[in-house]
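I sat down with this one today to look up a few things about its packing. Here are my notes, in the order I made them.

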Amino acid sequence: MRISRRALTAAAVALVLPLSACGSGGDDGAGSTDASGKVEGDITFQTWNLRAHFKAYFEGLIADFEKKYPGTHVKWVDQPAEGYPDKLSADAGGGTLPDVVNVSPDLVAPLAKAGLAMDLDKAAAKYRSEYLPGAWAGHQVPGLKGTYAFPWYLNTGPLFYDKALFRKAGLDPNKPPRTYDDLFADALQMAKRSDGKVATLANVPTIEDFGRYGVPLMNRQGTAFAFNDARGVQLLTKYKELYDAKALDPQALTATPESSGKKFLTGAVAMNPGSALDLGNFKKNAPGLYKDIGITDQITSTGHVNMYVMGVMVNSRTRHTPAAVAFAHFVTDARNQMSFAKKVAIFPSTAGSLDDPYFTEEDGTDETRVRIAAAKSLKTAVNYTPVLFSDQMKTALRNEVAKALQGKESPEQALDNAVDAADRLLQQG
């Protein structure tokens, strides 16, 4: 019953809309941002790879909405995970975009720029206080004023750490690193005490790391990236120091979640992100690790961890604005988000929901241990990944980071190159 990994992590996918299909000229089919009228009419609701496991949930949700608003009818369509961005692009170009659409921040950005995503700061401002501030901001687009989707479900992941390895390194197993400065100090000590046999991390820094370190990622206008500033260079320089000391795993440059997970399982790495599914794996395949496992928040120097957020967008050209806005809000209100969160390992974006006993009270299970740890950190979490940062940009950053760690380029040059590449891709988009 798992939502696709791509959906849960809100993976950035470049979506380029044909300019001829989504220009601002003309008002044909244009809807209204006035959602104050009677909630009635036929609307279409599109989800992203959810029908297979949640058919009964969504059919019940729609029936409840239609019962509440007798003059409405909701047609539900579900699209497969693969090709979803292309499907959105085709629908946008052909004028067949559904009234209410399941999106991630990166997918809503081009639709908002094309004028096809309704500004909810205008159409649904009265609902804003119902959501966590960081979640509401998740579908805001640099360079544009407004919010372009209701926040729906959230996800994040705590860090696991091996308490035994911390003890062997002379570190307090009950005080894992919380900030990057703590992390760098502990990692160097771990490497020194183990003669380079135990690394603390198995992954190179990503755009989220730069965000959690306090690096400005874009300019305020949303027209250029900015993670090559002095603080960004400082972060990469620190990672270079870790890499040279073997405090960062030597194979981190080519690591995958699976390979870094195996490193952690075998005691070659002291910390690794994960989920309740990993705890089950430890219990079965590494019982010693499982009995001595530590769970802590993501490393952050800003006081805010990273969140992944999914949203529900309203087509700005819907002919039934009151119904479309009402339904998008209904899908994402506190009651329905809580119901959905109990069916799959996600978290509600509504204010106060994370205080529910389901997210705060232990019951002795591994799943609950991780859920409580993640829910606690989500209350003030931020979506650090810029909505305009595409997969191609991520690859460019990773390649330049690798060159810096290998000593082929200075950290300054590597980040300058990564920003130049990202800016070029931004202009092309």
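Which residues is F227 in contact with, leaving aside its neighbours within four places in sequence? I kept in mind that this is a predicted model.

**Entry 1: around F227.** I looked up the contacts beyond those neighbours and found I207, F210, V215, P216, L217 and G232. The list goes on with F389, L397, L415, A418 and V419.

**Entry 2: the cores.** Next I checked where F227 belongs. Together with F58, F227 has the most contacts inside the largest nonpolar core, which counts 124 residues. I then asked which helix gives the most to this core. That turned out to be helix 15, residues 321–331, with 8 residues. I also found another core lying apart from it, made of 9 residues. L279, L289, Y290 and V370 are among them.

**Entry 3: a sheet.** I moved on to the strands and picked an open sheet of 3, with the order 6-5-7 and antiparallel pairing. Which strands are at the edge? I noted strand 6 (271–273) and strand 7 (293–296), each of which pairs on one side only. From one strand to the next, the twist averages 30°.

**Entry 4: strands 5 and 6.** I zoomed in on strand 5 (residues 159–162), which is joined to strand 6 by 3 bridges, the two running antiparallel. Here F160 stands opposite N272 of strand 6.

**Entry 5: what packs on the sheet.** Last, I looked for a helix against these strands and found helix 12, residues 257–265. Helix 12 touches strand 5, strand 6 and strand 7. Its direction makes about 140° with that of strand 6.

Definitions and conventions: Residues numbered from 1 in each chain as written. Predicted model: local features only at pLDDT ≥ 70, side-chain atom pairs only at ≥ 80, totals over all residues. Heavy atoms only, no water. Core = buried A, V, L, I, M, F, W, Y, C linked by side-chain atoms within 4.5 Å. Buried < 20%, exposed > 50% of the residue type's maximum accessible area, 1.4 Å probe, protein only. Helix = DSSP H or I, 4+ residues; strand = E, 2+ residues; numbered from the N terminus. Contact = heavy atoms within 4.5 Å. Pairing = 2+ DSSP bridges. Axes fitted to C-alpha atoms, helices over the stretch in contact; angles between N-to-C directions.
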